[in-house]
Amino acid sequence: MANYQNILRQAHQAIADVADNADSWRAFLRSAAYTAHARQVKRLSRHLKKIFVLGGVPFIKAGSSAASQ
């Protein structure tokens, strides 16, 4: 239980440190935006691979409409 409390205390301190300094806050937001963008790029990459593997025809799951893709 002490380990959990230590982790929780460190997390609260890290949050306070980031929120306390404008430069730290900007760096955190920049990092979060980069991570979100990287996920979108990976998702797009997977989609493009499906298109090219299937000869230029996008794969549409049975029962789904093209508008929801």
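1. Let's start with a term you'll need right away: a salt bridge here is a side-chain nitrogen of Lys or Arg within 4 Å of a carboxyl oxygen of Asp or Glu. Keep in mind, too, that this is a predicted model. With that in hand, a search of the whole structure turns up one salt bridge.

2. Which residues make that salt bridge? Arg26 and Asp23 do. Their closest N and O atoms sit 2.7 Å apart, and since the cut-off is 4 Å, the pair counts. As general background, side chains of opposite charge can pair when their charged atoms come close.

3. Now for where the two partners sit. Both Arg26 and Asp23 belong to helix 2, which covers residues 22-53. They are three residues apart, or about one turn of the helix. Arg26 has 45% relative accessibility, so it goes down as partly exposed. Asp23 comes out at 52% and therefore counts as exposed.

4. Stepping back to the chain as a whole, you'll find two helices and zero strands. The chain has 69 residues, and buried ones make up 1% of them. Its accessible surface comes to about 6,300 Å², with 61% of that belonging to carbon and sulfur atoms.

5. Next, the rings. How many aromatic pairs does a search of the whole structure find? One. The pair is Trp25 with Phe28, and it is stacked: the centres are 5.6 Å apart and the planes differ by 25 degrees. Planes under 30 degrees apart count as stacked, which is why this pair gets that label.

6. Trp25 and Phe28 are also three residues apart in helix 2, so about one helical turn separates them. Are these rings buried or partly exposed? Trp25 is partly exposed, at a relative accessible area of 41%, and Phe28 is partly exposed too, at 43% relative accessibility.

7. The two ring residues turn up again on the surface. Together with Leu29, Trp25 and Phe28 form a nonpolar patch there. The accessible area of the three together is about 300 Å². If you want a place to begin looking, go to Trp25 in helix 2.

8. Last, the charges. Which residues form the positive surface patch? The members are Arg39, Lys42, Arg43, Arg46, Lys49 and Lys50. Take Lys42 as a way in: this residue lies in helix 2, and its relative accessibility of 56% means that it counts as exposed. Arg26, by contrast, has its place in the salt bridge with Asp23; patches are made of residues with no salt bridge, so Arg26 could not be a patch member.

Key: Residues are numbered from 1 along each chain as its sequence is written. This is a predicted model: local features need pLDDT of at least 70, side-chain atom pairs count only at pLDDT 80 or more; totals for chains, interfaces and linings use all residues. Side-chain values use heavy atoms; hydrogens and water are left out. Helices (H or I, at least four residues) and strands (E, at least two) are DSSP runs, numbered from the N terminus. Buried means under 20% relative accessible area, exposed over 50%, partly exposed in between (1.4 Å probe, protein chains only). Patches are made of residues with over 30% relative accessible area and no salt bridge: like charges are joined within 9 Å, nonpolar side chains (Val, Leu, Ile, Met, Phe, Trp, Tyr) within 5 Å. Accessible areas come from the Shrake-Rupley method with a 1.4 Å probe; for residues, only the protein chains shown count as cover. Lys and Arg count as positive and Asp and Glu as negative; His and the chain ends are not counted. The place of a charge is taken as NZ of Lys, CZ of Arg, CG of Asp or CD of Glu. Rings of Phe, Tyr and Trp (its six-membered ring) pair if their centres lie within 6.5 Å; planes under 30 degrees apart count as stacked, over 60 as edge-to-face and the rest as tilted.
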